[in-house]
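Let's take a walk through this one, from its charged pairs to its nonpolar interior. Have the structure open as you read.

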Amino acid sequence: MTDIAEFAERIAREAGEMIRHEREQNTLRTDYKQQTELVTHADVMADEFITGAIRKAFPEHRILSEETMPDLSQAENLDTPLWVVDAIDGTVNYAYGHPQVAVSIAYAEQGRVQVGVVHAPFSGETFRATRGGGATLNGNSIRHSGATEPRQALFATGFPYTKDNLAPLLRRLDVMIHHCRDLRRIGSAALDICWVACGRLDIYYETVSPWDFAAAKLIAREAGASAGHFTEVPKGYPEDLWGQNNLVTAPGLYDRIRELLANA
């Protein structure tokens, strides 16, 4: 796993340099997926670079990636190793010139994530974990905040591009605002989760796709945080890749926050 983690970090850093160069040196070309979700030419370019490197190094492995191979049924096939890739997590931030942007690469076997790398090219931060090996930020060990009181907890979440079913999300947001210290809306699920891992946040919850959270959730768990879901995962589906109602917190908050969100 160390070799795979080294490989994942190397290509994440190279992709990070690519997307940083594209934003700083070239004019971004933008489009929309499903008429609502922003995508730039750099998303596709970096995705093709990462998936191409994986196919060359591990031709027998499968890939689930946001831009070029977004077939979610891949997550249900447990027979061969699976790479889960988001070349630019935080595309809207990227297009608007914000720094909260990440390259996320996870490696899974039998539906369980074994390696996770999240690289933030504009802040120069690389989060990394291997299962059972702990989590690091730029090579230094990280740990969750240790928060235990919701009233003293800082939380993050996000909202979908489609706005036709916001009522449940707004109910949860109302409950969380009334029970927690404050909200941060960062715009990158991978970084939200990594920030819980290193104590910059205490709580994160959201429904997102596997490529948004697969690597970061392993990093959070290896940093001692609690990570799961506040609703049930369908029987037989790999929990590490189920995107509905993710919840990541400092351990002392998990049960209380799970209850609040589930009841909301």
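## A buried glutamate and its partner

E125 is buried, with a relative accessible area of 16%. Keep in mind that this is a predicted model. E125 makes a salt bridge with R200, and their closest N and O atoms are 2.7 Å apart. Because E125 sits in strand β7 and R200 in the loop between α5 and β12, the pair ties together parts that are 75 residues apart in sequence. R200 is partly exposed, at a relative accessible area of 35%.

## More salt bridges

The count of salt bridges comes to 15. One of them joins the side chains of E67 and K33, at 3.3 Å from N to O. E67 belongs to the loop between β3 (62-65) and β4, while K33 belongs to strand β1 (residues 30-33), so this bridge links parts that are 34 residues apart in sequence. Are these two buried or exposed? E67 is buried, with a relative accessible area of 18%, and K33 counts as buried too, at 17%.

Now look at E232 and R258, whose side chains meet in a salt bridge of 3.6 Å, N to O. E232 is in the loop between β13 and β14 and R258 is in helix α7, so the pair ties together parts that are 26 residues apart in sequence. Here E232 counts as exposed, at 65% relative accessibility, and R258 is partly exposed, at 27%. There is also a salt-bridge network, which links E6, E9, R13 and R128.

## The two sides of α7

Which residues of helix α7 (residues 254-263) are buried? They are Y254, I257, L260 and L261. These residues cover an arc of only 135° around the axis, which means that they lie on the same side of α7. On the other side of the helix, D255 and N263 are exposed.

The buried residues of α7 pack against α4 (167-179), β12 (203-206), β13 (226-229) and β14 (246-249). T249 is in strand β14 and counts as buried, with 0% relative accessibility. Leaving out residues up to four places away in sequence, T249 touches V196, D202, I203, A225, S226 and Y254. T249 and A197 are 52 residues apart in sequence, yet their C-alpha atoms are 8.3 Å apart in space.

## The nonpolar cores

In soluble globular proteins, nonpolar side chains tend to be buried together. In this model, the largest nonpolar core has 44 residues, and V118, F127 and I219 are those with the most contacts inside it. At least two residues of this core come from each of β4 (82-89), β5 (102-109), β6 (112-120), β7 (125-130), β8 (135-137), β10 (154-156), α5 (189-197) and α6 (210-222). Another core, of 27 residues, lies apart from it, and includes A5, A8, A12 and V85.

What does V118 contact, leaving aside its neighbours within four places in sequence? The list is A102, V103, S104, E125, T126, F127, A190, L191, C194, A215, A216 and I219. That brings us back to E125, the buried glutamate in the salt bridge with R200.

## A nonpolar patch outside

On the surface, V92, Y96 and Y161 make a nonpolar patch of about 320 Å². V92 is in helix α3 (residues 91-96) and is partly exposed, with a relative accessible area of 31%. Patch residues need over 30% relative accessible area, so V92, at 31%, meets that cut-off.

Note on methods: Residues numbered from 1 in each chain as written. Predicted model: local features only at pLDDT ≥ 70, side-chain atom pairs only at ≥ 80, totals over all residues. Heavy atoms only, no water. Patch = residues over 30% accessible without salt bridge, like charges linked within 9 Å, V, L, I, M, F, W, Y side chains within 5 Å. Areas by Shrake-Rupley, 256 points an atom, 1.4 Å probe, with all protein chains shown as cover. Salt bridge = Lys/Arg side-chain N within 4 Å of Asp/Glu carboxyl O. Helix = DSSP H or I, 4+ residues; strand = E, 2+ residues; numbered from the N terminus. Buried < 20%, exposed > 50% of the residue type's maximum accessible area, 1.4 Å probe, protein only. Arc of directions from axis to C-beta. Contact = heavy atoms within 4.5 Å. Core = buried A, V, L, I, M, F, W, Y, C linked by side-chain atoms within 4.5 Å.
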